[in-house]
Protein chains: 2
Amino acid sequence: MSSPSHLALVPFVSVKNMMALVHHIGLETFLTELTDEIEADFKRWETFDKSPRLPSHSDVGVIELMPTSDGEHYGFKYVNGHPKNMRAGLQTVTGFGVLASVDTGYPLLFTEMTLLTALRTAATSAMATRHLARKGAKTLAMIGNGAQSEFQILALKAVCGIKAVRLYDIDPSATQKCADNLARSGIELIHCRSAEEAIEGADVITTATADKNMQTILTDNMIGNGVHINAIGGDCPGKTELHRDIVARASMFLEYPAQTRIEGELQQMPLDHPFTELWQVITGQALGRRSEDEITLFDGVGFAIEDFSALRYIARKITGTSYFEHLDMIADPDEPRDLFGMLARAKSAS
Amino acid sequence: MSSPSHLALVPFVSVKNMMALVHHIGLETFLTELTDEIEADFKRWETFDKSPRLPSHSDVGVIELMPTSDGEHYGFKYVNGHPKNMRAGLQTVTGFGVLASVDTGYPLLFTEMTLLTALRTAATSAMATRHLARKGAKTLAMIGNGAQSEFQILALKAVCGIKAVRLYDIDPSATQKCADNLARSGIELIHCRSAEEAIEGADVITTATADKNMQTILTDNMIGNGVHINAIGGDCPGKTELHRDIVARASMFLEYPAQTRIEGELQQMPLDHPFTELWQVITGQALGRRSEDEITLFDGVGFAIEDFSALRYIARKITGTSYFEHLDMIADPDEPRDLFGMLARAKSAS
């Protein structure tokens with residue numbers, strides 16, 4: 001059997017290679033570059049085909065497909081969300097994705113996206129925080145110290161200059177894990193025994209909790225004026241993190257209204273609740289923070305364009321490196337109409 | 001760096017392994033078993049989550065995602081359709097797909113689906129023909145002798161007992177290629193110089209042409225009473241193969257109305273044009289052919305459940321064989337909340 005042609009071969013970034021690539025680039029550099037990549041795509045928001053992700057819900061979780069295209073490239077991510085997985089020793093969120101050529105429909109990159117999703121989610125929070133937090137913000141409260149937390153913290157350190165983080169999780173062992181992982185990061189780490197304690201004096205609050213039912217991690221009387229909140233964990237129907245009164249008091253910024261309406265904190269609010277699309281703040285078409293006292297809220301649910309940016313970033317970064325393999329993914333006969341002949345010749349050659 | 005855990009590894013069927021698996025099983029046996037697998041899933045049609053596929057159209061083609069779930073497994077296919085690709089030496093249709101566990105969201109199988117799509121499309125035509133053609137049908141007219149044609153012909157031989165095929169393509173070299181490939185198949189092959197000549201005396205007509213604009217490969221005065229037609233090539237908006245008068249005269253059977261309405265021959269017809277869902281014929285809830293004189297038309301566009309059946313069939317068939325590799329696709333840290341720790345340890349171990 002002859003070797004597949006180069007058209008049959010798609011670059012594949014395994015988990016092992018993604019980890020090696022991140023270390024090759026440097027984690028904080030990676031997060032900073034990825035933040036800029038996402039921001040560049042938010043600046044050309046209107047060039048993208050956009051739709052809410054396509055979910056398949058079950059009693060225990062959700063599997064989603066997240067496609068988008070800028071007319072030159074097409075990208076999609078497969079991602080699941082299964083809060084119960086953690087108890088079985090599995091990841092709550094795993095994913096993989098593909099970048100393809102719109103011109104031919106052929107895939108250009110296939111990559112793991114469990115790690116990459118954590119990285120792009122952190123980069124997106126950093127982008128929102130860069131545009132919405134008070135100037136000189138130094139202290140972050142990180143509520144929920146699970147798989148996303150270290151990435152969120154390091155992105156805010158690298159991109160926004162955060163110096164100290166106040167950690168809280170309902171499970172103290174998660175806080176300990178997060179603190180151990182960041183012991184040599186240069187960030188000051190403060191263990192807190194309640195969400196209320198964690199947000200004391202914080203300039204930025206990031207919530208990243210995972211349970212799939214209406215939570216009120218933060219209630220209204222806890223929140224001081226002037227903070228910026230990234231609410232990251234509420235990302236599917238019925239899953240919210242903030243008390244409705246906080247959402248009502250804050251100025252809300254979001255990614256794609258049609259998706260946030262059914263997945264974000266916005267699902268708690270009436271249809272006429274005001275919000276600003278984040279891309280319009282980035283392009284200067286809309287105002288971000290209006291005063292030092294304003295509470296700004298980024299109601300982040302994760303949108304396909306962020307994955308598209310991440311896929312393009314990886315495709316560029318692996319070029320000329322050894323951080324990928326070739327997968328024999330696309331049947332590519334010598335004569336395109338002769339798929340059958342390729343199959344038949346494989347038999348005689350084997 | 002330590003090896004990935006078994007949870008990180010997803011079975012991957014490359015093009016090379018798919019070809020080897022087909023030969024291991026035997027092509028006609030494969031087509032017969034796959035037809036039965038699809039039919040078994042059509043029998044439990046109501047247990048599936050169904051939606052029209054999610055397309056991303058451009059001037060030159062389309063990229064589509066086709067998900068479905070039966071509550072136990074979730075499957076999706078990525079597939080493109082780029083008629084112009086052929087002239088550039090590329091496949092018009094390529095694809096790959098994933099089967100996953102609904103319970104955990106973890107992928108169970110990743111496979112090439114360029115070959116597998118040709119096989120399942122042929123199996124679906126065979127299933128429709130088995131239920132709709134006249135008993136004792138022996139002669140097939142195959143209009144369009146491109147990449148799909150040999151698979152369509154062999155499936156109708158294996159499943160429906162077709163003995164002779166009348167071949168026609170606007171490009172005689174395609175017909176020659178098809179005839180050469182089937183020279184030792186045991187089917188009588190008749191080269192025809194027009195579509196009109198090809199359908200003379202045929203019991204079954206299959207059209208599989210690829211151009212993305214309104215075609216009328218067959219016109220009404222060509223079609224005799226009693227034939228069964230599989231119209232396979234019209235599978236996206238603006239792409240049809242049959243003259244409207246044929247569609248009007250035939251009894252129409254189709255897969256999923258919401259998708260066929262925008263992609264199939266049905267797009268030519270008024271909203272109240274009658275049709276029967278094929279799954280209801282298979283379960284006995286609706287009548288198929290009512291008389292020897294009736295013209296039956298399967299307006300096939302390809303539906304996600306057929307790919308789901310194919311994914312499950314492949315997942316079962318590769319078990320215990322060497323026709324797959326393991327891909328390091330899912331980040332799976334020892335402690336599920338410690339994704340960051342896995343990344344950090346990869347650095348110190350490298």
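This report describes the fold of the chains, their sheets and domains, and the way the two copies meet.

## Model and conventions

The structure is a predicted model, in which local features need pLDDT of at least 70 and side-chain atom pairs count only at pLDDT 80 or more, whereas totals for chains, interfaces and linings use all residues. Residues are numbered from 1 along each chain as its sequence is written, while chains are lettered from A and ligands numbered from 1 in the order in which they are written.

## Overall form of chain A

The secondary structure of chain A consists of eleven helices and 15 strands, where helices (H or I, at least four residues) and strands (E, at least two) are DSSP runs numbered from the N terminus. Along the principal axes, the C-alpha atoms of chain A fill a box of roughly 75 × 45 × 40 Å. The radius of gyration of chain A is 21 Å, which agrees with the value near 20 Å for a compact globule of 350 residues; this radius is taken over C-alpha atoms, and the globule rule is 2.2 Å times the number of residues to the power 0.38.

## Two domains in chain A

Chain A is assigned a domain 1 (6-115 + 305-349) and a domain 2 (133-302), with bounds that come from an automatic or database domain assignment. Their C-alpha centres lie 27 Å apart, and the contact between them takes 18 residues from domain 1 and 18 residues from domain 2, two residues being in contact if their C-beta atoms, placed from the backbone, lie within 7 Å.

On the side of domain 1 that touches domain 2, helix α2 (residues 27-43) of chain A gives the most, with eight residues. The residues of this side divide into seven nonpolar, five polar and six charged, where Ala, Val, Leu, Ile, Met, Phe, Trp, Tyr, Cys and Pro count as nonpolar, Asp, Glu, Lys and Arg as charged, and the others, Gly among them, as polar.

## The seven-stranded sheet

In chain B, an open sheet of seven strands follows the order β2-β3-β4-β5-β6-β1-β15, with mixed pairing; two strands pair if DSSP finds at least two bridges between them. The edge strands are β2 (54-57) and β15 (325-328) of chain B, each of which pairs on one side only. Neighbouring strands of this sheet are turned by 20° against each other on average, direction ignored.

Within chain B, strand β1 (residues 9-13) and strand β6 (residues 107-112) run parallel and are joined by two bridges, with B:Phe110 in β6 as the bridge partner of B:Phe12. In chain A, strands β2 (residues 54-57) and β3 (residues 62-69) run antiparallel and are joined by four bridges; A:Pro55 stands opposite A:Glu64 in β3(A), and the two strands form a hairpin with four residues between them.

## The eight-stranded sheet and its helices

A further open sheet of chain B has eight strands in the order β9-β8-β7-β10-β11-β14-β12-β13, with parallel pairing. Strands β9 (188-191) and β13 (276-277) of chain B stand at its edges, each with a single partner strand, so one side of each is left without a neighbour in the sheet. Four bridges connect the parallel strands β10 (residues 204-207) and β11 (residues 228-231) of chain B, and B:Thr207 has B:Ala231 in β11(B) as its bridge partner.

Helix α3 (residues 114-132) of chain B packs on this sheet, touching β10, β11, β12 (251-254) and β14 (296-298), and its direction makes about 160° with that of β11(B). Helix α4 (residues 149-160) of chain B also packs on the sheet, touching β7 (139-143), β8 (164-168) and β10, with its direction at about 165° to that of β7(B). For these angles, axes are lines fitted to C-alpha atoms, for helices over the stretch in contact, and angles run from 0 to 180 degrees between N-to-C directions.

## How the copies meet

Between the chains, 70 residues of chain B are in contact with 70 residues of chain A. Helix α11 (residues 339-349) of chain B gives the most to the side of chain B that touches chain A, with seven residues, and this side has 38 nonpolar, 21 polar and eleven charged residues.

A turn of 180° and a shift of 0.0 Å along the axis lay chain B on chain A with an RMSD of 0.0 Å, and the two copies are thus related as by a two-fold rotation axis. The superposition is by least squares on the C-alpha atoms of residues with pLDDT of at least 70 in both. Of the interface residues of chain B, 100% are also interface residues in chain A, so the copies meet through the same surface.
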